[in-house]
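I open this notebook page to record what I looked up, beginning with confidence and ending with a single side chain.

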Amino acid sequence: MSVQTDVSLNSIHIRSAQKWQQLALGLLCMASISSPQYVWTLLTKPFLDRLDVHLPLLQVTFSLLIIFQTFLSPLQGKLIDRFGARRLIGFGTLFTGASWVGAAYSHSLWSLYMLYGVVGGIGTGIVYIGIVGQVVRWFPAQRGFAAGMVAAGYGMGAIVTTLPISVSLSHYGLTSTLLIFGVGFAALGGLASRGLRDAPSVSPVISHQACVERHYASSQMLKQPLFWLLFFMMACMSTSGLMVTSQLASFAADVGVGQVLIWGMAALPLAMSLDRLTNGLTRPLFGWVSDRIGRENTMFVAFILEAGAMSLWLTFRHDPLLFILLSGVVFLGWGEIFSLFPATLTDTFGSQHAASNYGWLYMSQGVGSILGGPLAALLYQASHGWVPVFSLAIGLDILTALLAIAVLKPWRQRFISR
């Protein structure tokens with residue numbers, strides 16, 4: 001009996017160590033695909049010089065990247081669930097690296113659209129959906145924290161590459177930079193993906209909820225009003241956050257704080273650096289909190305935090321120091337949607353089809369990317385002021401916070417207990 005107990009405890013120890021290894025590999029895969037989105041701004045001027053086109057036409061490349069990353073995610077998730085995470089995520093990292101290698105030799109706008117936008121979007125989407133689906137299976141009792149960690153790897157991975165890419169562009173030019181880093185991204189992500197393994201059917205550390213969870217295929221999930229509530233809520237929060245993200249520079253310039261020096265650095269880049277940091281840190285932080293106090297309670301706190309910070313930010317918009325600090329708090333209250341929503345979805349509809357199910361929910365980020373920037377620009381153009389723009393964003397935050405606590409929480413309790 002004692003021998004069996006020792007073997008069982010040893011198995012638990014091995015699996016416990018393995019799940020942290022899987023999380024680390026997931027972080028590396030996420031970091032390897034983060035630069036196409038977050039470093040694009042450094043590449044726009046070199047591509048404008050090379051292609052001799054206007055900026056709006058060039059920016060279609062970035063739109064294609066986001067569209068193919070998000071709107072193909074249900075198909076990508078289904079393929080991952082069918083053929084396995086390791087193989088598909090490996091392909092995704094290679095696609096991402098290849099998009100940069102191909103873009104290095106692109107001398108027409110259409111080839112850039114196809115390679116950087118379409119191929120890059122497909123590659124990053126496969127990896128993002130696949131890694132989130134992978135870790136929520138490995139961490140059934142800590143889904144919020146695990147999803148937050150890998151989402152932070154995507155959000156903060158480009159911090160490591162931004163300066164080297166900037167230096168490389170100035171010293172070696174666009175072609176060499178894209179070629180070197182494209183090969184590097186493919187190598188890093190490809191090697192990390194080789195170590196990915198499927199989670200065991202029964203985890204050694206498992207919550208009561210995971211013990212009784214039922215597994216819904218995407219076709220079943222899409223028939224549930226509860227899923228569409230989650231989709232609407234995530235679309236609202238994506239729209240709100242991306243309204244701020246897309247208009248931050250214009251807002252700072254209009255209120256006269258963008259180039260004011262704070263601690264020897266212009267306020268706008270300082271605010272953007274702080275925003276990237278808090279946008280990454282909030283994902284595992286609030287994910288960890290949600291594992292302890294509940295998903296909906298955490299949503300309410302985080303979304304109200306963003307609404308309150310944005311209200312103060314708007315009120316004190318002419319103070320450069322408060323502009324910087326409050327912008328960091330705004331993103332602290334926003335970025336956690338990428339840990340709270342996938343964890344809530346998997347808690348509700350099971351982990352067996354986690355990748356394909358999250359693929360459907362992740363489309364709401366694509367909705368937010370379409371609505372956020374243009375909607376903010378149209379409101380500003382119509383009103384000639386920022387109060388209507390940020391008032392709408394604040395209203396979306398408050399609406400979603402109230403939905404979380406007053407509608408989502410009782411709906412989920414009834415759904416899980418039935």
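Entry 1, confidence. I began with pLDDT, the predictor's confidence in each residue from 0 to 100, and found a mean of 85 for the protein, with 93% of its residues at 70 or more. This is a predicted model, in which local features need pLDDT of at least 70 and side-chain atom pairs count only at pLDDT 80 or more, while totals for chains, interfaces and linings use all residues. I also note that residues are numbered from 1 along each chain as its sequence is written, and that side-chain values use heavy atoms, with hydrogens and water left out.

I then asked where confidence is lowest and where it is highest. The lowest mean, 42, belongs to helix H9 (residues 208-212), and the highest, 94, to helix H13 (residues 295-315); helices (H or I, at least four residues) and strands (E, at least two) are DSSP runs numbered from the N terminus. Two stretches stay under 50: residues 1-14, with 1 contact beyond four places in sequence, and residues 202-212, with 18 such contacts, a contact being heavy atoms within 4.5 Å. Where pLDDT is low, the predicted coordinates should not be read in detail.

Entry 2, overall form. I count 17 helices and 2 strands in the secondary structure. The radius of gyration is 21 Å, close to the 22 Å that the globule rule gives for 418 residues, so the protein is as compact as a globular protein of that length; the radius is taken over C-alpha atoms, and the rule is 2.2 Å times the number of residues to the power 0.38. Among contacts between residues at least 6 apart in sequence, 85% join residues at least 24 apart.

Entry 3, the core. Buried residues (under 20% relative accessible area, with exposed over 50% and partly exposed in between, for a 1.4 Å probe and protein chains only) make up 53% of the 418. The largest nonpolar core, a set of buried Ala, Val, Leu, Ile, Met, Phe, Trp, Tyr and Cys residues joined through side-chain atoms within 4.5 Å, has 108 residues, and Phe 47, Tyr 128, Trp 313 and Tyr 358 have the most contacts inside it. Helix H11 (residues 225-254) gives the most to this core, with 14 residues. Leaving out residues up to four places away in sequence, I find that Tyr 358 touches seven partners, including Tyr 128, Met 234 and Phe 338.

Entry 4, one side chain. Leu 42 lies in helix H3 (residues 40-51) and, at 28% relative accessibility, counts as partly exposed. Beyond four places in sequence, Leu 42 touches Thr 162, Ile 165, Ser 166 and Leu 169.
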